[in-house]
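Here is a short report for a reader new to this structure. It takes the ligand surroundings in turn, then a sheet and its helices, then a record entry.

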Amino acid sequence: MPVQQVTILGATGSIGKSTLKVLAQHPDQYQVYALTGFQRLDELAQLVEQYSPKVVVVPDGKIDAFRSLLALHCNDKKIHAIEIVEGEAGLCQVASAAAVDVVMAAIVGSAGLKPTLAAIDAGKRVLLANKEALVMAGELFMQRVKQAQATLLPVDSEHNAIFQCLPTDYFSSTARFANHGNRAGVSQILLTASGGPFRTWTLQQMQQATPAQACKHPNWSMGQKISVDSATLMNKGLELIEACHLFELPVERVTVVIHPESIVHSLVQYIDGSTLAQLGNPDMCTPIAHALAWPQRIATTVPPLDLFSANCLNFEQPDEVRFPALALAKSAMKTGGCAPAVLNAANEVAVAAFLANKIAFTQITQLIHAVITQINVLPAHDLDTILVQDLEARELAGQWIMANANRTT
Ligand SMILES: NC(=O)C1=CN([C@@H]2O[C@H](COP(=O)(O)OP(=O)(O)OC[C@H]3O[C@@H](n4cnc5c(N)ncnc54)[C@H](OP(=O)(O)O)[C@@H]3O)[C@@H](O)[C@H]2O)C=CC1
Ligand SMILES: CC(=O)[C@@H](O)[C@H](O)COP(=O)(O)O
Ligand SMILES: [Mn+2]
């Protein structure tokens, strides 16, 4: 196969860097076409020196500042060879450029939506880490994948695990069993959750939780936003919605299972009593490599799982009283339309406010509940409506913070 040209949206982040690590192991198969960054521009300049992309994307108005940073890290030849573009238009450009084969969608939050859709519309092989984009645009997102015949591969560890455990004809299969509505013999998906750093904490303890404590995930090293989502279990709520769309399943067929060790990355149950699981050490290089090379396999530096030295594998029911995010997400998915986009926007604002010490940890889900109950949820007919509701939710969330900041109830 010819060398694949790869764009990494969100190259300076945790997924971005793991992707670069996997690519660097296979220079004969992959070349970096474009890298994008947002705040960590010094790190982006260092990545340019290391990986020599053809194009780099910086935020609007930052091209000159970035050139100065490049001068600190790169030689003149590299600086002259590189094209620097800016803003959302730049992100969409490198996501859809004719020269690009593969796009890693690893921007965090709603900022990743338009560039990811640009990659989809251009029919690229899209490796999806940016779950918020799919949660926001749901059906519209999946319709565009089909229309453009893009190849969408899940990178989120659970969804990648499920993808690996599904039958190969799952997506082409239209066979449904008359009485049960099972597709390709699949009866349930079991979505594993670590339970996060506060799995055993009481609600009272969680009221006092600090951003540093919330960001200290027991098993994974990740960006701040997803780490807080994991601590509230909103990550699992978003993942539940993500799974419903990716695997075309109703909420009732996705069950969240707490598995504190993060060794079993998710499971698929079949109507014949079989349960298939994907296991591995918790390192995102594995799902990234899988999505890059599928249907082939490529090597990573992740050590194979050593079952002889592994501790017990535990499984628990989630506690939806201490972790109301799960019920909020299920309800948003059942409501449909723009409800998941509203949930996502409220969560993004709440997490940012918590990280800025403006609200308490337990107020994150209170804020989301308040926004969802106040807003008039519209059908998600088009992207503009979704973006309008996203904005409305952010405004309501901002007002809630003004009224409730630092009241730890
Ligand atoms: N980390 C993980 O293990 C996993 C992550 N994911 C998902 O992958 C995505 C990325 O997560 P993660 O890598 O942890 O996050 P990070 O915070 O580490 O990285 C986020 C990336 O997005 C960029 N970015 C942030 N805001 C903007 C913006 N407004 N416009 C353009 N770029 C922006 C950041 O740039 P900069 O740093 O320069 O500011 C950075 O490159 C999230 O959606 C997350 O849920 C899914 C599964 C696992
Ligand atoms: C690595 C990954 O996919 C994360 O989404 C991870 O699953 C977060 O852990 P939680 O299971 O604690 O949400
Ligand atoms: Mn995950």
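## Around ligand 1

Ligand 1 is surrounded by 26 residues. The closest are Gly13, Phe38, Ala111, Met222 and Gly223. These positions belong to a predicted model.

Three helices each supply at least two residues of this shell: helix H1 (14–24), helix H7 (131–148) and helix H11 (224–232). H1 gives the largest share, 3 residues. By class, the shell around ligand 1 holds 12 nonpolar, 9 polar and 5 charged residues. Two domains take part. Domain 1 (4–154) and domain 2 (164–293) each provide at least three residues of the shell around ligand 1.

## Around ligand 2

Which residues lie around ligand 2? From the earlier part of the chain come Asp156, Ser157 and Glu158, among others. The list also includes Ala193, Ser194, Gly196, Trp220 and Ser230. Asn235, Lys236 and Met284 are in the list as well.

Two helices each supply at least two residues of the shell around ligand 2. They are helix H8 (157–165) and helix H12 (234–246). The shell around ligand 2 divides into 3 nonpolar, 5 polar and 3 charged residues.

## The four-stranded sheet

The model has an open sheet of 4 strands, in the order E9-E8-E10-E11. The pairing is mixed. Its edges are strand E9 (254–258) and strand E11 (275–279), and each of these pairs on one side only. Neighbouring strands of the sheet are turned by 20 degrees against each other on average, direction ignored.

Strands of a sheet pair through backbone hydrogen bonds, either parallel or antiparallel. How do E8 and E10 run, parallel or antiparallel? Strand E8 (residues 186–193) and strand E10 (residues 264–270) run antiparallel, joined by 4 bridges. In this pair, Gln188 stands opposite Gln269 in E10.

## Helices on the sheet

Two helices named above in the shell around ligand 2, H8 and H12, return here. H8 packs on the sheet and touches E8, E10 and E11. The direction of H8 makes about 40 degrees with that of E10.

H12 also packs on the sheet, where H12 touches E8 and E9. The direction of H12 makes about 155 degrees with that of E8.

## The C-terminal entry

For residues 279–395, UniProt lists "domain: DXP reductoisomerase C-terminal", in an unreviewed entry. Over this stretch the chain is 53% helix and 1% strand. The end C-alpha atoms of residues 279–395 are 42 Å apart.

Technical notes:
Residues numbered from 1 in each chain as written. Chains lettered and ligands numbered in written order. Predicted model: local features only at pLDDT ≥ 70, side-chain atom pairs only at ≥ 80, totals over all residues. UniProt positions renumbered as here; feature names shortened; annotations may be inferred. Near = placed C-beta within 6 Å. Nonpolar A, V, L, I, M, F, W, Y, C, P; charged D, E, K, R; others polar. Pairing = 2+ DSSP bridges. Axes fitted to C-alpha atoms, helices over the stretch in contact; angles between N-to-C directions. Contact = placed C-beta atoms within 7 Å. Domains from an automatic or database assignment.
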